[in-house]
Amino acid sequence: MKKIGVKISVFMMLSCLLVLAACGNKEEKSSTDGNEKGKTLIAGTNAAFAPFEYMDKGKVTGFDVDLVEAVAKEAGYKVEVKHEGWDAMLANLQSKQSDLAIAGITMNDERKKTYDFTKPYFEATNMIVVKKESDIKNALDLKDKKIGVQNGTTGQEAAEKILGNNNGNIAKYKNITIAFMALKNNEVDAVVIDNVVGNEYVKNNPKENLKVVMDKENFDSEFYGMAFPKGSKLTKEFDQAFQKMIDNGTYAEIYKKWFKEEPDMESLKKAEK
Ligand code: ARG
């Protein structure tokens, strides 16, 4: 009788310890391969890309932030969106210091070699932003001009397609805010940038006397996706959660909040592979 009592209490003590150990683990913020439901994932971003991500009173805000929070929740996770900067964001993703990245990241073949992506969540294209008095009317007019881009983006690629790789007339900046500053100070004649972000900047900075130039012939259609380290199990979980949000209208709601119009689901669907 006594022996059994001792055995039971040892057993109970051990199980208590196990439970405590499990609880301790749960609190920890991990940034590995995820898939422990309920934990807080780290999503890297470059919060100088309004309206997708920007700093507002010290907090990262924007369409991407609302979207990733909703998708994470649907998938059973919490998420902390961290402003890391473009290059750091990509490096942290590759080294798995973050679980994912969301930053208006265009999915292309080059990046697909290094990262896994969800299905497309936004369609975009590059555009040109110039001073109102500029005579630039399309992408080909950029040939002998100085162009500002964000380093390592599709804006840089689009400019290189016209001016050639390593052309000294392409000024590559760490973020798009600095590129716009260069345009303001006439250090460059134009900025090549994602259309929605260019439009937003021109609208928000009327004193800078800017206008936008679209050129659908020379600038391709691009699709944004959420990016994960290669092989992350989260990609599929996020994809399924995202699909649920498309089906139940949550995606359209978030889209309308930021862009004041319905998303073009057909074109997003067509871009899925
Ligand atoms: N869509 C472009 C690209 O993927 C630019 C993205 C820049 N995003 C940002 N948050 N600064 O290359």
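**Exercise 1. Find which ligand atom pairs with the side chain of Thr 106, and at what distance.**

Start at Thr 106: an N or O atom in its side chain sits 2.8 Å from a nitrogen atom of the ligand. That's a polar contact, a pair of N or O atoms within 3.5 Å. Next, try Asn 46, where a polar side-chain atom lies 3.0 Å from a nitrogen atom of the ligand. Then go to Thr 154, whose backbone has a polar atom 2.8 Å from an oxygen atom of the ligand. Finally, check the cover: alone, the ligand exposes 340 Å², and the protein buries 99% of that (Shrake-Rupley method, 1.4 Å probe).

A quick note on the model: it is predicted, so local features need pLDDT of at least 70 and side-chain atom pairs pLDDT 80 or more, while totals for chains, interfaces and linings use all residues. Numbering runs from 1 along each chain as its sequence is written, and side-chain values use heavy atoms, without hydrogens and water.

**Exercise 2. Work out where the largest cavity lies relative to domain 1 and domain 2.**

First, the term: on a 1 Å grid over the protein atoms alone, a cavity is a set of points where a 1.4 Å probe fits but cannot get out, and lining residues have an atom within 4 Å of a point. The largest cavity holds about 140 Å³ (the space filled by probe spheres set on the points). Of its 18 lining residues, the closest to the centre include Phe 49, Trp 86 and Asp 194. Now look at the domains, whose bounds come from an automatic or database assignment. Domain 1 (40-121 + 225-265) and domain 2 (125-221) both give residues to the lining, so the cavity lies between them.

Conventions: 1 Å grid on protein atoms, 1.4 Å probe; cavity = no way out; pocket = protein on both sides within 12 Å on 5 of 7 lines; lining within 4 Å. Polar contact = N/O pair within 3.5 Å; in protein donor to acceptor, adjacent residues only side chain to side chain.
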